[in-house]
Amino acid sequence: MPIKSYLAHPHNGKKNELIEALSAIDQCEVVAAQNKEVLVLVTETENMTEEDMLKEKLETIDSLKLLALVSGFNTPQNN
């Protein structure tokens with residue numbers, strides 16, 4: 001189960017638009033900085049296929065200027 005955290009930087013004046021776009025994606029949780037134009041994004045997917053699909057969704061968001069991976073790990077599922 002891939003879990004990743006990012007710093008997400010919006011285009012100028014697009015912070016709220018970016019929050020809405022990221023929050024609409026089921027695998028995403030967003031926390032906005034109080035004093036800066038930056039967001040913390042945490043994603044959780046079930047497998048690498050879903051992770052790749054999420055990456056494609058994130059790349060289509062027009063209000064997203066930069067997405068910097070801070071931490072990522074893959075937790076094996078117990079079957």
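What follows is a walk through this structure, from the overall fold to single side chains. The model is predicted.

Start with the fold. The chain holds 2 helices and 4 strands. Read from the N terminus, the elements follow the order β-α-β-β-α-β. The radius of gyration is 13 Å, close to the 12 Å that the globule rule gives for 79 residues, so the chain is as compact as a globular protein of that length. The C-alpha trace spans about 45 × 25 × 15 Å along its principal axes.

Next, the surface and the interior. The accessible surface of the chain amounts to about 5400 Å². Carbon and sulfur atoms account for 49% of that surface. Of the 79 residues, 29% count as buried. Sequence-distant contacts come next. Take the contacts between residues at least 6 apart in sequence: 67% of them join residues at least 24 apart.

Now turn to strand E3, which covers residues 39-44. E3 pairs with two strands named here. Strand E1, residues 2-10, runs antiparallel to E3, with 6 bridges between them. Strand E2, residues 28-32, is also antiparallel to E3, and this pairing has 5 bridges. A hairpin of 6 residues links E2 to E3. Valine 40 shows both pairings at a single position. Its bridge partner on one side is leucine 7. Valine 31 also stands opposite valine 40.

Which side chains of E3 are buried, and which are not? The side chains alternate along the strand. Leu39, Leu41 and Thr43 point to one face and are buried. Val40, Val42 and Glu44 point to the other face and are not buried.

That second face leads to a feature of the surface. Val40 and Val42 belong to a nonpolar patch, together with Leu7, Val31 and Val70. The patch has about 370 Å² of accessible area in total. Two of its members, Leu7 and Val31, have already appeared as partners of valine 40. Valine 31 sits in strand E2. Its relative accessibility is 48%, so valine 31 counts as partly exposed, below the 50% that exposed requires.

Charged side chains come next. Side chains of opposite charge can pair when their charged atoms come close. The count here is 2 salt bridges. In one, lysine 4 meets glutamate 51, with the closest N and O atoms 3.4 Å apart. Lysine 4 is in strand E1 and glutamate 51 is in helix H2, so this pair ties together parts that are 47 residues apart in sequence. Is glutamate 51 buried or exposed? Glutamate 51 is buried, because its relative accessibility is 5%, under the 20% cut-off.

The other salt bridge joins glutamate 17 and lysine 14, at 3.5 Å from N to O. Both side chains are partly exposed. Glutamate 17 has a relative accessibility of 39%. For lysine 14, the relative accessible area is 33%.

Finally, look at two loop residues. Glutamine 27 lies in the loop between helix H1 (15-23) and E2. Glutamate 46 lies in the loop between E3 and helix H2 (48-59). How far apart are glutamate 46 and glutamine 27 in sequence and in space? They are 19 residues apart in sequence and 9.2 Å apart from C-alpha to C-alpha.

The surroundings of glutamine 27 can be traced through its contacts. Leaving aside neighbours within four places in sequence, glutamine 27 touches Val42, Thr43, Glu44, Thr45, Glu50, Leu54 and Lys57. Among them, Val42, Thr43 and Glu44 are residues of strand E3. Glu50, Leu54 and Lys57 fall within helix H2. Glutamine 27 has a relative accessibility of 19%, so this residue counts as buried, just under the 20% cut-off. Glutamate 46, by its relative accessible area of 40%, is partly exposed.

Methods
Residues are numbered from 1 along each chain as its sequence is written. This is a predicted model: local features need pLDDT of at least 70, side-chain atom pairs count only at pLDDT 80 or more; totals for chains, interfaces and linings use all residues. Side-chain values use heavy atoms; hydrogens and water are left out. Buried means under 20% relative accessible area, exposed over 50%, partly exposed in between (1.4 Å probe, protein chains only). Two strands pair if DSSP finds at least two bridges between them. Patches are made of residues with over 30% relative accessible area and no salt bridge: like charges are joined within 9 Å, nonpolar side chains (Val, Leu, Ile, Met, Phe, Trp, Tyr) within 5 Å. Accessible areas come from the Shrake-Rupley method with a 1.4 Å probe; for residues, only the protein chains shown count as cover. A salt bridge is a side-chain nitrogen of Lys or Arg within 4 Å of a carboxyl oxygen of Asp or Glu. The radius of gyration is taken over C-alpha atoms; the globule rule is 2.2 Å times the number of residues to the power 0.38. Contact means heavy atoms within 4.5 Å.
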